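Open the model in a viewer and keep the selection panel at hand. The tour goes from the ligand to a pocket elsewhere on the list of selections.

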Amino acid sequence: MESSQQFPLQKNNSFNIKAICPIIYFPKTLADLKSLPDLSEKIFYILGDGSNTLFIEEQAPIIIKPNFKGIKISESADHYVVRAGAAENWHELVKYCLVKGIFGLENLALIPGSVGAAPVQNIGAYGAELSQFCSQIKWYEFASKAIKPLSNDDCQFSYRNSIFKEALYNKGIITEVIFNFPKLWRANLSYAGLNTLGQNPTAKQVMDKIISLRQAKLPDPTKLPNAGSFFKNPLVNKEKATSLKAIYPLIPLYIQDNGQVKLAAGWLIEEVGLKGYRKNGVGVHEHQALVLVNYGSDEGKDIVVLAKYVQQQVLAKFDILISPEVRMITQQGEQDFANLTKVHECH
Ligand SMILES: Cc1cc2nc3c(=O)[nH]c(=O)nc-3n(C[C@H](O)[C@H](O)[C@H](O)COP(=O)(O)OP(=O)(O)OC[C@H]3O[C@@H](n4cnc5c(N)ncnc54)[C@H](O)[C@@H]3O)c2cc1C
């Protein structure tokens, strides 16, 4: 199996932060996975394309970067089945499906990252989520050294969450994602901004619209390093939402099926006046307050300090704790943002 020691990770994270890992493994076959050293007592991190990852210290832990490639298509009378290797690029997969006449993923166009990471946080955008199309995951379990099939139900998908962040965290590696698309396709126009497309747009028109909306709103990480939405949109109960609405009549509220109310973290950040805020070479994006950007820092802790400040300001004004979507990685492995006080204090 390919591996490399003292591997620099700056080109492998969309925040463009400097970090180095003692060793990186690139498994691309089951035999490679089986030949990985026993990591049960070691600290390690599974890295996709690093577009949801923040390296906080210069030293990173051992990295496993799955390199499973390939896309296969099969079909039944009324469905297409698409199997994609974990190391395939997500947006390339969306485009490939579209070219093959397989529709469904167009609302999720232009989300950076790998196919293998997409189920981990159940990527979502513009009224769609990966969980709507994912029928099975092939998952290599470290303990049994075998690849196990996990059904959609097994994955326990929810808003930006899945079993891979919970019970199966660091217990194995996603090698392949299997999707099921009904041949009978209808455009998903549930997101209000898509109403300009009329009643019956083609999948290509939907994808093009999504791409133009995203390009207008989100900074391109290759030009201005970032990890997309830094914070998750917080969920509150109805009482809290009603009291907020009384004070802030313009606050956007999104009522969920379970009765909870989702708030727009970007709106909250904008309301505390931090849109466009900059310090230590990092900042809150000037057009999209939910995105923290790196103007020129090499150090992930600068982002952490900024994120803590944003979180505190929102808490002070709204009594709502916003929490990051981005994964925080130190030499000691992944860290809970709440426990990152040391980084904050010593800065
Ligand atoms: C500009 C921009 C816009 C974005 N927009 C969106 C959006 O609209 N919606 C959205 O949901 N996200 C969005 N994101 C976040 C990001 O694109 C997704 O989280 C994406 O799935 C991350 O993929 P990655 O390969 O870069 O993951 P990484 O950052 O490398 O890893 C993310 C997590 O997945 C785990 N992981 C990676 N690969 C595997 C594997 N094979 N097996 C097991 N675990 C694995 C890692 O350990 C880590 O916990 C955006 C990011 C950027 C930079």
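Select β3 (44-46), β8 (124-125), β12 (172-182) and β13 (226-229): each of these strands supplies at least two residues of the shell around the ligand. This is a predicted model. Colour β13 separately, since the largest share of the shell, 3 residues, comes from that strand.

Next, show every residue around the ligand, 35 in number. Which of them come nearest? They are Ile46, Gly48, Ser51, Thr53 and Ser114. Colour the shell by class to see 17 nonpolar, 13 polar and 5 charged residues.

Now turn on the backbone atoms of Gly48, Asp49 and Asn52 and look at the oxygen atoms of the ligand. A polar backbone atom of Gly48 is 2.7 Å from a ligand oxygen. For Asp49, a polar backbone atom is 2.8 Å from an oxygen atom of the ligand. The distance from a polar backbone atom of Asn52 to a ligand oxygen is also given as 2.8 Å. With the protein hidden, the ligand taken alone exposes 990 Å²; bring the protein back, and 95% of that is buried.

Leave the ligand and move to the second largest pocket. Select domain 2 (71-214) and domain 3 (220-346) in two colours. Why does the pocket lie between them? Both domains give residues to its lining, so the second largest pocket sits between the two.

To centre the view on this pocket, select Lys232, Ser323, Pro324, Glu325 and Asp336, which lie nearest its centre among the 26 lining residues. The space in the second largest pocket is about 600 Å³.

Then add the secondary structure elements of the wall. Helix α6 (300-318) supplies at least two residues of the lining, as do the strands β20 (327-330) and β21 (333-335).

Finish by colouring the lining of the second largest pocket by class. What does the division look like in nonpolar, polar and charged residues? The lining has 11 nonpolar, 6 polar and 9 charged residues.

Technical notes. Residues are numbered from 1 along each chain as its sequence is written. This is a predicted model: local features need pLDDT of at least 70, side-chain atom pairs count only at pLDDT 80 or more; totals for chains, interfaces and linings use all residues. Side-chain values use heavy atoms; hydrogens and water are left out. On a 1 Å grid over the protein atoms alone, a cavity is a set of points where a 1.4 Å probe fits but cannot get out, and a pocket is an open set with protein on both sides within 12 Å along at least five of seven lines; lining residues have an atom within 4 Å of a point. Grid points are joined across faces, edges and corners, and a volume is the space filled by probe spheres set on the points. Helices (H or I, at least four residues) and strands (E, at least two) are DSSP runs, numbered from the N terminus. Ala, Val, Leu, Ile, Met, Phe, Trp, Tyr, Cys and Pro count as nonpolar, Asp, Glu, Lys and Arg as charged, and the others, Gly among them, as polar. Domain bounds come from an automatic or database domain assignment. A residue is near a molecule or strand if one of its heavy atoms lies within 4 Å of it. A polar contact is a pair of N or O atoms within 3.5 Å; within protein, one must be able to donate a hydrogen and the other to accept it, and residues adjacent in sequence count only if both atoms are side-chain atoms. Accessible areas come from the Shrake-Rupley method with a 1.4 Å probe; for residues, only the protein chains shown count as cover.
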